[in-house]
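Biologist: I am new to protein models and would like to learn how to read one. Could you walk me through it, one feature at a time?

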Amino acid sequence: MRRVCEGFQSHTPHPEQPSSEFMGEIVLREGEVRNHSTEKHLKVLPTTYQKVMFTLSELWSVSERQGRYKLLKPWWEVFMDYLVLLMLMVSVLAGTLLLSKDGVVCVPVHSISSNYSSNFEIPSDSPTSPFISDTSPSHSILADGPAKGRRTNLDFQQYVYISQVCYHEALPWFSRFLPYVTLLQSLLLLASGCFWFHFPLTSARIEHFLAILGKCCESPWTSRALSRTAKLDSAHSRPPEEEQVTRPQVPPVPTSITRQSSLDSGTDSPLLVRTGSMSTTAAQPSPCPSTLSRCSTLSSLSIPEPASLLKTAPVIPEVSRPGPTLDRSDGEQARALFERVRRFRSHCESSDIIYKVYTTQTVFKVLKVIVIVSYTAPLLGSITFSHMCQPHSFALTGYQVFQCSHSLSSVLRKLMQAYVGLVGLYGLLGIYTLYWIFHKSLRQYSFQCLRDVGSMLDAPDLSNDLAFLLHMTDQYDPLLAQRLSVFLSPVSETRLMEESLERRWNATRLRSMITSDHQGRSLLQLVAVPRLPPALFTLIQLEVLKLELIGDAKLTAQISNMSALRELHLYHCSATVEPTALVVLQERLESLHLTFTQAAEIPSWVYSLRGLQELHLTGRLASEGSVGRGWALGSLRHLRHLRVLTLRGMVQRIPGELSEIAGSLVRLEIHNEGTRLLVLTGLRRLVGLAELELQGCQLERLPSALLALTRLRSLDLQHNCLRTLEELLGLQHLRRLSCLRLAHNRVLALPASVGVLRALELLDLSHNQLQNLPPALFTLHRLRRLLLGGNLLEELPAEVGALILLTELDLSGNRLESLPKELFTSCVELRILNVANNSLGTLQPGLGSLRHLSQLDVHGNNLEELPVELGFCSGLRGGGLLVESWLLHTLPGHIRDFLQQTHSTSCASSEANSRPVSDSFPTFSTAQWSFFSAAESRI
């Protein structure tokens, strides 16, 4: 060995030679062979280690960065995560050892046929290994005395070369790379353990579910609902005798615990206690995404001990001690959360993608464990300390076989054995997970446990993904599903709506919304309210109530307080009535207006209102697929006092059921919206009918059934398709007919038989196609209103003077070029004359004889000047004359001032209070404003 060191010194180019003791230590140490020229690598070694080494927190990249994922991790998932962490630690430790200290130490194996001579004989009792076991400096080979061992004739560089070659050729691959393989396997297991949290089709649902669950835990309504349920359960479970004895001893509740949640219901779960709370219990981490929960502040209140609380203040039902109400923001958030839970439930119950991904993930982990164990366990026995190496370097060293030792083999073998044990335990947990998945019905979830204890009896059963997520959260904390059930319960939502209505729609606000209708009656209109507020039934003086777009309008017995209520409007409202309230409506209600889509939506209690006098129905009245009958309403025989019936819908025939109320019905209105009314024979039975209105029924002739209505006083057939009125002769038996409206039809000519209607006082033939008027028309001496606007008349007969009682004449929208003088000399009672939009060139001077004329419309003609006789029509003052402004300047100044006298005095003073004073804003009278509005709408 001395010669080895001398050879090393002779081949070292550096001037500073290391000591022989150091060199001997280098040769015999476990592969840590370096010369002096590599000192710079030793100096850089700490920095290299810093780059290679990394903390476990960086490897544990999926250490649940978002803590809310722990709600969906059962105990076996948590255990498996820790096992993966241990696998990573073992793999990193083994890999670090390989990076820092791995290597082999090789010595040549002497053969008998060696070419090199040796001065030493191999003793028969010497060990087969040429290694010197004692490598301490105190036993240096350079010590005094004869040298022990074999002479190899190899220098240091040759030993380094042989060690490097044998490390790569003689050492098996699993001894060099097995820690790195296990590291990759651990990372793969780690990724597969949280794959369902990051898969695109499942991550969104999981995030949404956790957000909703956090909101449910934070909402103050959750604590209130669970506390209410717990109190009611304790009240129902208590014997009546005990309740009667303990009730007088109830002291007033301290204000410090007015919002205290029930301990029995689990609403004060330690999972939701805020950090830093005054509670003596240890603060647990919140399962919600946000730890700043509103309901978590309840734990900071001073809560007495349960034993003392039961002794001094026994629990009583909430109906006898109302709790505090939520503020507006909390109520709105709770209502929004109900809707959010409803939509999320419908979305999640449509598929089971989360269940399938989780099952696939678990199966993959089990299969991966089987593969890892199957090829890793046999390789452990191949990790040995001693290896034989034949580097094919005889020409360089003179030796063919070297014996090498792997110093880290025992450590690697123990670490890999520990790793295989951890993997096996991981696989057992995976098998248990598969058993749990297939043994339990995870796609169905029932709140039966809550129903058994009397809590949330109406919570519905769930399915598919939502059911699976709740099964997972039950492994963490069953109270989370109980909190979610609050927002799945229809009863809980109803209670929230009631409290919200009581807060938002109080009596003061409802009274401020009361207005007056055209008859001067007090009216209240409620639109799109979730349900009827209780304060509504305290409005004693209310006469008309309109309810529109209210999904659940329930009339309770408290409606008896509304003693003045006589008229009710229901616009797309599914109203329900309690039996006590129905009795009140039967006695007091006089008018009912219903608007619906299908006749099936009409409440059945409508047909039992025996005191009803007016019924107005708007909607589709014809039954589906029924052309012959065409009636979908029930029997009307109980409406014995019904006097007015209005049907606005598609009716194909006059219903025969109307004969049941023929004795009381006075007015019948049918607005058919363009649907042809095929059968009218049912009118014959309504002998007591006084007013009949058939609009939009596509009638082409006057119905023959009208002949039976001998008591008819008013007939309205507007907006039909009448072309001829030859059947007017048959109406001569209607001796009481005083009003006939035939506007908006296609009548070409008015027959002479119109003269048989001697009792007519109003005749409306506007917007037809009349070209002339028969003389028989002017024999109707009782006629007071004659409306002929929108026709094709070119001349007005002089016989119009026979209508001496005429008070209103409408000739607008015709082709008249002049007016007969008999109109001004005989029709002295005329108050309204409308000749607008004609071709009049002049106005007769006799116009001044119409002393009662209060409205004259002559705009849209060919007039060049106005007659001065208008000054005798005193009723035209204040805007009664409707004409172009420039025509007013054709009158003398004093007449123009006379016609505008009221406009400049009384109107100005009255309108000063209703409109702001402005120099540029024109002021007009009420009549002028109405005329301008009508003119604009017509244009």
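**Reading the model, from core to surface**

Modeller: Happily! This is a predicted model, and we can start with its cores. The largest nonpolar core has 129 residues, and L547, L668, L683, L692, L694, L823 and L866 have the most contacts inside it.

Biologist: Which helix gives the most to this core?

Modeller: That is helix α22, residues 579-588, with 4 residues. There is also a second, separate core of 78 residues, which includes A225, V357, M472 and L496.

Biologist: Let me zoom in on one core residue. What is L547 in contact with, leaving aside its neighbours within four places in sequence?

Modeller: L547 touches L526, L532, A553, L568, H569, L570, Y571 and C573.

Biologist: And how do I get an overview of the protein?

Modeller: Begin with its secondary structure, which comes to 28 helices and 24 strands. Of the 939 residues, 46% are buried. Then look at contacts between residues at least 6 apart in sequence: 59% of them join residues at least 24 apart.

Biologist: How should I read the confidence score?

Modeller: The pLDDT is the predictor's confidence in each residue, from 0 to 100. Here the protein averages 76, and 72% of the residues score at least 70. Over residues 1-54, however, the pLDDT is below 50, and this stretch has 41 contacts in the model beyond near neighbours in sequence. Residues 625-630 also stay under 50, with 9 contacts beyond four places in sequence.

Biologist: Next, salt bridges. How many does a search of the whole structure find?

Modeller: It finds 23. In one of them, the side chains of E77 and K365 meet at 3.8 Å, N to O. This pair links distant parts of the chain, with E77 in helix α5 and K365 in helix α14 (residues 353-380), 288 residues apart.

Biologist: Are E77 and K365 buried or exposed?

Modeller: Both are buried. Now take another pair, K554 and E578, whose side chains also meet in a salt bridge (3.8 Å, N to O). K554 lies in strand β9 (residues 553-555) and E578 in the loop between β11 (575-577) and α22, so the pair ties together parts that are 24 residues apart in sequence.

Biologist: Why does K554 count as partly exposed?

Modeller: Partly exposed covers the range between buried, under 20% relative accessible area, and exposed, over 50%. K554 has 43%, so it falls in that range. Its partner E578 is partly exposed too, with 25%.

Biologist: Can you show me a salt bridge between strands?

Modeller: Try R667 and E693, whose side chains meet at 3.2 Å, N to O. R667 sits in strand β15 (residues 667-671) and E693 in strand β16 (residues 691-695), 26 residues apart. R667 is partly exposed at 23% relative accessible area, whereas E693, at 10%, counts as buried. Salt bridges can also share partners: E339, R342, R343 and E493 are joined that way into one network.

Biologist: Finally, what can I look for on the surface?

Modeller: The accessible surface comes to about 47100 Å², and 55% of it belongs to carbon and sulfur atoms. One feature is a nonpolar patch formed by W75, V78, F79, Y82, L425, L428, I431, Y432 and Y435, with about 910 Å² of accessible area together. The elements giving two or more residues to the patch are α5 (75-101) and α16 (409-439).

Biologist: Which element gives the most to the nonpolar patch?

Modeller: Helix α16 does, with 5 residues. Y432 is found in this helix, and Y432 is partly exposed, with a relative accessible area of 33%.

Conventions
Residues are numbered from 1 along each chain as its sequence is written. This is a predicted model: local features need pLDDT of at least 70, side-chain atom pairs count only at pLDDT 80 or more; totals for chains, interfaces and linings use all residues. Side-chain values use heavy atoms; hydrogens and water are left out. Patches are made of residues with over 30% relative accessible area and no salt bridge: like charges are joined within 9 Å, nonpolar side chains (Val, Leu, Ile, Met, Phe, Trp, Tyr) within 5 Å. Accessible areas come from the Shrake-Rupley method with a 1.4 Å probe; for residues, only the protein chains shown count as cover. A salt bridge is a side-chain nitrogen of Lys or Arg within 4 Å of a carboxyl oxygen of Asp or Glu. Buried means under 20% relative accessible area, exposed over 50%, partly exposed in between (1.4 Å probe, protein chains only). A nonpolar core is a set of buried Ala, Val, Leu, Ile, Met, Phe, Trp, Tyr and Cys residues joined through side-chain atoms within 4.5 Å. Contact means heavy atoms within 4.5 Å.
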